[in-house]
Amino acid sequence: MKPRTPPGRIAYVDGRYSRHFEAGVHIEDRGLQFGDSVYEVCRVEYGALCDLSEHLDRLERSMREIAIPMPMSRGALTHVMGEVVRRNKVGYGLIYLQITRGCLRRDFQIPARCRPTVIMTAHELDRAIIAQRRSVGVKVVTLPDERWGRCDIKTTQLLAGSRAKTEARSRGAFEAWLVDGEGFVTEGASTNAWIVEGAGRIVTRNLSHAILPGVTRRVVLEAAAAQKMDVIERKFTPQDAAAAQEAFITSATGPAIPVVEIDGYRIGTGKPGAITGKIAEIYANISINRQT
Ligand code: PDD
């Protein structure tokens, strides 16, 4: 079944710009057969790509980790991304970029040579929905982290995260915070997780194979440190989160969204907190200067 898409929507697949509803990859593509592909999601503001060099750095790292060769130069990739944004007339939205190992005879053994497939789509975001989440905050529920051991690589193997998000939504929450075997929060299904402790200390889990090195996480950490805010990268538990003053989530889709409830427990006052607001403000100011 093909998705219903607005008539003017354009996708880029393997060197061609085509109508979104007609775009596709071959059934033997390893992205489909094995989830053998990596991706990036980049926010678009005023038609420009936000935090692009960080996204491209992470993309190159993901590809290196699973040995997919870069199919085109960064300059060419940036050009195509800009073109996809322009052709879809996106002002404020997202661009998705997927690179699969390409189309090869199905074989568990990863082939030594390949010709990667490049896929790009872009769409507008509803600013009102994001503003609403910012002003009211969102709820999270905790669920076991059932993902693989290399969550630092941004692959399209998203089934475990997708199942967790679906479970969270069915329980009336916006996001699932995933919990490792030792009882610590790793991250959200599609966001990084943060708490603000009593003394105003901002905490997010340290980088390892257990979490995605979020671009927004990195930019927020640098910006908060530059503002002399108290930030620390360490593990925390759902109990720490329930006892925290504030909590929030970060991702390219919505930088610094306040979390006001975890597993039915109110966090702080149950309203978006001042430190989360300050983080969102600092991020908005710097992201204006970081667009490509
Ligand atoms: N998700 N952790 C996970 C598991 C993610 O999938 C994401 C991003 C993040 C935040 O990373 P960044 O700040 O670079 O967006 C953390 C994207 C938005 C997605 O899959 O739609």
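Visitor: Let's start with Asp 263: does that residue count as buried, partly exposed or exposed?

Guide: In this predicted model, Asp 263 has a relative accessibility of 32%, and because that value falls between the 20% limit for buried and the 50% limit for exposed, Asp 263 counts as partly exposed.

Visitor: And where is Asp 263 found?

Guide: Asp 263 is found in the loop that runs between strand E14, covering residues 257-262, and strand E15. Its backbone deserves a remark as well, since Asp 263 has a positive phi of about 50° although it is not a glycine.

Visitor: Why point out the sign of phi?

Guide: Most residues other than glycine have a negative phi, so a positive one is worth a second look.

Visitor: What is the phi of Lys 228, then?

Guide: Lys 228 is not a glycine, and it has a positive phi of about 60°. It is placed in the loop between helix H6 and strand E12, and with a relative accessibility of 76% it counts as exposed.

Visitor: Which residue follows helix H4, and what is its phi like?

Guide: Helix H4 is followed by Gly 137, whose phi is positive and near 90°. At the N-terminal end of H4, which spans residues 127-136, Asp 126 acts as a cap, with a side-chain oxygen lying 3.0 Å from the backbone nitrogen of Ala 128.

Visitor: Back to strand E15: is Arg 266 buried or exposed?

Guide: Arg 266, which is found in strand E15 (residues 265-266), is exposed, as its relative accessible area is 58%. If its neighbours within four places in sequence are left aside, Arg 266 is in contact with Ala 242, Val 260 and Glu 261.

Visitor: How many Å separate Arg 266 from Pro 111?

Guide: Their C-alpha atoms are separated by 51 Å, and the two residues are 155 residues apart along the chain.

Visitor: New topic, the ligand. Which residues come nearest to it?

Guide: There are 19 residues around the ligand, and of these Tyr 39, Arg 58, Glu 187, Thr 216 and Ala 252 come nearest.

Visitor: What are the distances for Tyr 39, Glu 187 and Thr 216?

Guide: A polar side-chain atom of Tyr 39 lies 2.5 Å from an oxygen atom of the ligand, while an N or O atom in the side chain of Glu 187 is 2.7 Å from a nitrogen atom of the ligand. For Thr 216, a polar side-chain atom lies 2.5 Å from an oxygen atom of the ligand.

Visitor: How much of the ligand does the protein bury?

Guide: Taken alone, the ligand exposes 480 Å², and the protein buries 92% of that area. The space that the ligand takes is the largest pocket.

Visitor: Which strands and helix supply residues to the shell around the ligand?

Guide: Strand E3 (37-45), strand E9 (185-188) and helix H6 (215-226) each supply at least two residues of that shell.

Visitor: Staying with E3, is Arg 43 buried or exposed?

Guide: Arg 43, found in strand E3, counts as buried, because its relative accessibility is 2% and the limit for buried is under 20%. Its side chain makes a polar contact, at 3.4 Å, with the side chain of Tyr 283. Not counting residues up to four places away in sequence, Arg 43 touches a number of others, including Cys 50, Tyr 92, Ala 252 and Pro 255.

Visitor: Where is Pro 213, and what does it touch?

Guide: Pro 213 is found in the loop between strand E11 (202-204) and helix H6. Leaving out residues up to four places away in sequence, Pro 213 touches Arg 58, Asp 152 and Leu 207.

Visitor: And Thr 237: buried or exposed?

Guide: Thr 237 is buried, with a relative accessible area of 15%, and its place is in the loop between strand E12 (231-233) and helix H7 (238-243). Apart from its neighbours within four places in sequence, Thr 237 is in contact with Gly 183, Phe 184 and Val 185.

Visitor: Last one: which residues is Gly 161 in contact with?

Guide: Leaving aside its neighbours within four places in sequence, Gly 161 is in contact with Arg 147 and Ala 189. Gly 161 is found in helix H5 (residues 159-170) and is buried, with a relative accessible area of 12%. Its C-alpha atom is separated by 7.1 Å from that of Arg 147, 14 residues apart along the chain.

Definitions and conventions. Residues numbered from 1 in each chain as written. Predicted model: local features only at pLDDT ≥ 70, side-chain atom pairs only at ≥ 80, totals over all residues. Heavy atoms only, no water. Helix = DSSP H or I, 4+ residues; strand = E, 2+ residues; numbered from the N terminus. Buried < 20%, exposed > 50% of the residue type's maximum accessible area, 1.4 Å probe, protein only. Contact = heavy atoms within 4.5 Å. Polar contact = N/O pair within 3.5 Å; in protein donor to acceptor, adjacent residues only side chain to side chain. Near = heavy atom within 4 Å. Areas by Shrake-Rupley, 256 points an atom, 1.4 Å probe, with all protein chains shown as cover. 1 Å grid on protein atoms, 1.4 Å probe; cavity = no way out; pocket = protein on both sides within 12 Å on 5 of 7 lines; lining within 4 Å. Sits in = over half its atoms within 2 Å of the grid points.
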